[in-house]
Amino acid sequence: MKTLVKIALSAALIASLSNAGEQFAMSDADRAMYAEMLESNPADMNIAHGGELLEKNCGGSAGLAKFLHVSQKDLPNYIAGFPRYLKDFNMVVGIDQVLQAAMHENGKKPFTLQSKDMFEMSAYVKSLANDVPINIDINANQQMKDAYALGEKTFNTNRGKRGLSCLSCHSTDVIGSVLRTQPLPALGANGNASVGTWPAYRMTKSSMSTLQHRMQGCMQNALLEVIPLGSPEMVGMEVYLGHQAKGAKMAIPGLKR
Amino acid sequence: MKKGLTSTLLLGISLFAADYSSVIESPNASKIIEKDLLAPAKVFTMPDGCITTDPKAIARGKYIFHNLNGEDSKGPLPEGLSQVDEKGKPKQYGNCVACHNIEEAKGAGNIGPDLTKYHENMMATKVRDNQFVYQKISDARIDNPTTHMTINQTTGLFTPREICDIASYIVSPK
């Protein structure tokens, strides 16, 4: 089942990479590498290590479920609804921030959000929800409504030395066009459901990256000032994109160009 | 009565529930974004002698069109163009080819219109004039408020002369 979802998503990616015409298509060598990595995603190693880190620092999935006040059985479903507003934090938080607090509660020094350990541990936790449809609820409370609105605003704000916004390259009217050999991906459920496919292995970077880190990459490339991981604006964009991908199944780790 | 009860409950929660807001990272990005905002659309008028057939100006315009920045650029640097900015960082070029096809483009994008044969199709036919091209590159929003194109002079990315070089390249017969 898990592999089925992955293959479906990957077929969409391959199609998007070859549909755009010869000049823009993925090279045969890239395609071969991609096919090979589909068999065994290098990020599976990172996720396995993330599982060990969760065990050591948060008491495994049982410890995490307890910390989140949910049963272990409900945990995957609950994870597929992040970012969430949590009373214990009095704000909308991502999984990685939850893990920081859980580590603190367990007497450990929290990993920083940008550390490789945090990428791996949070990727493992998200993978617990694999095959579960994304079920984020932006109407759950005022805080979620606000986070969604902030995310949408951040996504649509033109800024930086080239005056671009995320929308400049990710609005429905440009999706599928090509930006210097790279087809512009649809981020919602009808595309690759970004929120359900990150953390992902990036072939061009030879490493696993998270959704927020990927967004920082776009900011850097397009000359927007990079905003920090875990900021309400970043979490808000995750809420915004999560809502667009709602219903798509979690399939982590993803595999990206 | 009911209201009183609710606020007691709320108070109870805030008193007894854990507050993790201080142990997690949640930096505020609003200041970063505020400083980085795009200014309103602005009209620009071509300076005297802007559009030229000077091969050196056209070479600079071409280089800016086809390259991303001074670190990641190909071919010999044309006379009068720097690879670094005033701060010594790699100078940003236009990377116009990311969105536009044009003569000799390698790996061009198609988000923006194809600018091939621009002289024949747009200039010779008087569909466009020099001022239009100058304004479009400087601030495309004057012509199209919801444009997906980059804003190049309002943001201070390029000087008027640099915009003139790029425009001279686009409108020149190739």
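Biologist: How many salt bridges does a search of the whole structure find over all chains?

Modeller: The model is a predicted one, and side chains of opposite charge can pair when their charged atoms come close. When the whole structure is searched, the number of salt bridges over all chains comes to 10.

Biologist: Which residue forms a salt bridge with A:Lys116, and is that partner buried or exposed?

Modeller: A:Lys116 is itself exposed, with a relative accessible area of 57%, and it pairs with A:Glu120 at a distance of 3.8 Å between the closest N and O atoms. Both residues lie in helix 7 (residues 116–127) of chain A, 4 residues apart, which is about one turn of the helix. Because its relative accessible area is 4%, under the 20% cut-off, the partner, A:Glu120, is buried.

Biologist: How many residues apart in sequence are the parts that B:Glu104 and B:Lys62 tie together?

Modeller: The closest N and O atoms of B:Glu104 and B:Lys62 are 3.1 Å apart, and the two form a salt bridge. B:Glu104 lies in the loop between helix 3 (55–66) and helix 4 (118–123) of chain B, whereas B:Lys62 lies in helix 3 of chain B, so the parts that the pair ties together are separated in sequence by 42 residues.

Biologist: What is the relative accessible area of B:Asp139, the salt-bridge partner of B:Arg141?

Modeller: In this salt bridge the closest N and O atoms of B:Arg141 and B:Asp139 are 2.9 Å apart. B:Arg141 is buried, with a relative accessible area of 16%, and B:Asp139 is also buried, its value being 0%.

Conventions
Residues are numbered from 1 along each chain as its sequence is written. Chains are lettered from A and ligands numbered from 1 in the order in which they are written. This is a predicted model: local features need pLDDT of at least 70, side-chain atom pairs count only at pLDDT 80 or more; totals for chains, interfaces and linings use all residues. Side-chain values use heavy atoms; hydrogens and water are left out. A salt bridge is a side-chain nitrogen of Lys or Arg within 4 Å of a carboxyl oxygen of Asp or Glu. Helices (H or I, at least four residues) and strands (E, at least two) are DSSP runs, numbered from the N terminus. Buried means under 20% relative accessible area, exposed over 50%, partly exposed in between (1.4 Å probe, protein chains only).
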